Amino acid sequence: MAPRLLPLRPRLAAAALIPIALLWTTGNVSADSEQLSSANYDSLIGSKEFAFVNFYADWCRFSQMLKPMWDEMAKQIKDAYPDRVLIGKVDCDRESGLAQKFNVNKYPTMKLVRNGRIVRKEYRGQRSVEALVNFVRDQMKDPMERVETLKDVMDKATKRSIVGYYISEESESFGVFKQVASELRDHCKFFAGFGQPFEPHRLAGQDTIIFKDTGLDDVVYTNEVVNMDLLRQWALSNCIP
């Protein structure tokens, strides 16, 4: 006679389920994907050049399906970019304030952050480890192309392009330009030229930034080239019609 299996006692059955539940609800089993909260969000996000954040809900089936892929992607990205990228996640039920702050009303929502600022674009691509990893790798590519001659500028800087003419790559103003280019890479093309070939285009001998678009007159940036907020605002007003 086959042995008769006895049912688990209710208390033991409940205890057996606890470790499984913790894998999801504690959210920090994988140290590669940072659990973000209102207490640590600013400090963690602000410490990296780029962040990719998953706003999820425990009860959402699609959030549950994404979780193992997100954690595996986080591990691979942490190995590839240990000092530049943060892969994070926000439990929207526990952190409703963060969800409301970033207008999250569906789950999961995957948002991009550059230099501490949320980017308008959200991730809407395929939900697989390979697709997520490739997406982050693409985001880490240099958003700006260096040009060597004025002909390069004429040939390449056409539709919605911002061109910077700089005395040196070591200048503070070029550092600001690179950060703005990183944030707005999805809205404009960015180019930079250095040294003597572009001297005639540096107004009054100073670093100069120009917006170019097909069929329109060039627009010269006239504020401080080291003021990131002003440059970002100017670039946004031109790059997004």
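This is a short walk through a predicted model, its two sheets and the helices that pack on them.

Hi everyone, and thanks for coming. A word on conventions before the structure. Residues are numbered from 1 along each chain as its sequence is written, and side-chain values use heavy atoms, with hydrogens and water left out. Since we are looking at a prediction, local features need pLDDT of at least 70 and side-chain atom pairs count only at pLDDT 80 or more, while totals for chains, interfaces and linings use all residues.

Let's start with confidence. The protein averages a pLDDT of 88 (pLDDT is the predictor's confidence in each residue, from 0 to 100), and 87% of the residues score at least 70. Over residues 1-30, though, pLDDT stays under 50. For that stretch the model has 20 contacts beyond four places in sequence, a contact being heavy atoms within 4.5 Å. Where pLDDT is low, the predicted coordinates should not be read in detail.

Now the first sheet on my list. Helices and strands here are DSSP runs numbered from the N terminus, with H or I over at least four residues for a helix and E over at least two for a strand. Five strands make an open sheet in the order β1-β3-β2-β4-β5, and the pairing is mixed; two strands pair if DSSP finds at least two bridges between them. At the edges sit β1 (34-35) and β5 (117-122), each pairing on one side only. Further in, β2 (residues 50-56) and β3 (residues 85-91) run parallel, joined by seven bridges. If you want a landmark there, V53 has G88 in β3 as its bridge partner.

Helix α5 (residues 129-139) packs on this sheet and touches β2, β3, β4 (109-114) and β5. Its direction makes about 145° with that of β2; axes are lines fitted to C-alpha atoms, for helices over the stretch in contact, and angles run from 0 to 180 degrees between N-to-C directions.

How do α3 and α5 pack? Helix α3 (residues 61-80) meets α5 at an angle of about 40°, with the axes 9 Å apart. That makes α3 oblique to α5: under 35 degrees counts as roughly parallel, over 145 as roughly antiparallel, 65 to 115 as roughly perpendicular, and the rest as oblique. The crossing is right-handed, that is, the near helix is turned clockwise from the far one by less than a right angle. On the α3 side the contact includes L66, M69 and W70, and on the α5 side V129, L132 and V133 are among the residues. By class, the contact of α3 with α5 has ten nonpolar, one polar and two charged residues. Here Ala, Val, Leu, Ile, Met, Phe, Trp, Tyr, Cys and Pro count as nonpolar, Asp, Glu, Lys and Arg as charged, and the others, Gly among them, as polar.

Two backbone details next, for those of you who like torsions. Y107 and P108 are joined by a cis peptide bond, with omega about -10°, and P108 lies in the loop between α4 (96-101) and β4. After β4 comes a hairpin: β4 and β5 pair in the antiparallel sense over three bridges, with V113 standing opposite I118 in β5. The hairpin has two residues between the strands, and N115 takes a positive phi near 50° there.

On to the other sheet. It is open as well, with five strands in the order β6-β8-β7-β9-β10 and mixed pairing. Its edge strands are β6 (144-147) and β10 (219-220), each pairing on one side only. Four bridges join β6 to β8 (residues 189-194), and the two run parallel; E145 has F191 as its bridge partner in β8. Helix α7 packs on the sheet, touching β6, β7 (161-166), β8 and β9 (208-212), at about 160° to the direction of β8. Helix α8 packs there too, touching β7, β9 and β10, at about 15° to the direction of β9.

Finally, which way do α7 and α8 cross? Their crossing is right-handed. The axes of α7 (residues 172-183) and α8 (residues 228-239) come within 10 Å and cross at roughly 40°, so the two are oblique to each other. V176, F177, Q179, V180 and E183 in α7 meet M228, L231, R232 and A235 in α8, a contact of six nonpolar, one polar and two charged residues.

Thanks, and I'm happy to chat afterwards.
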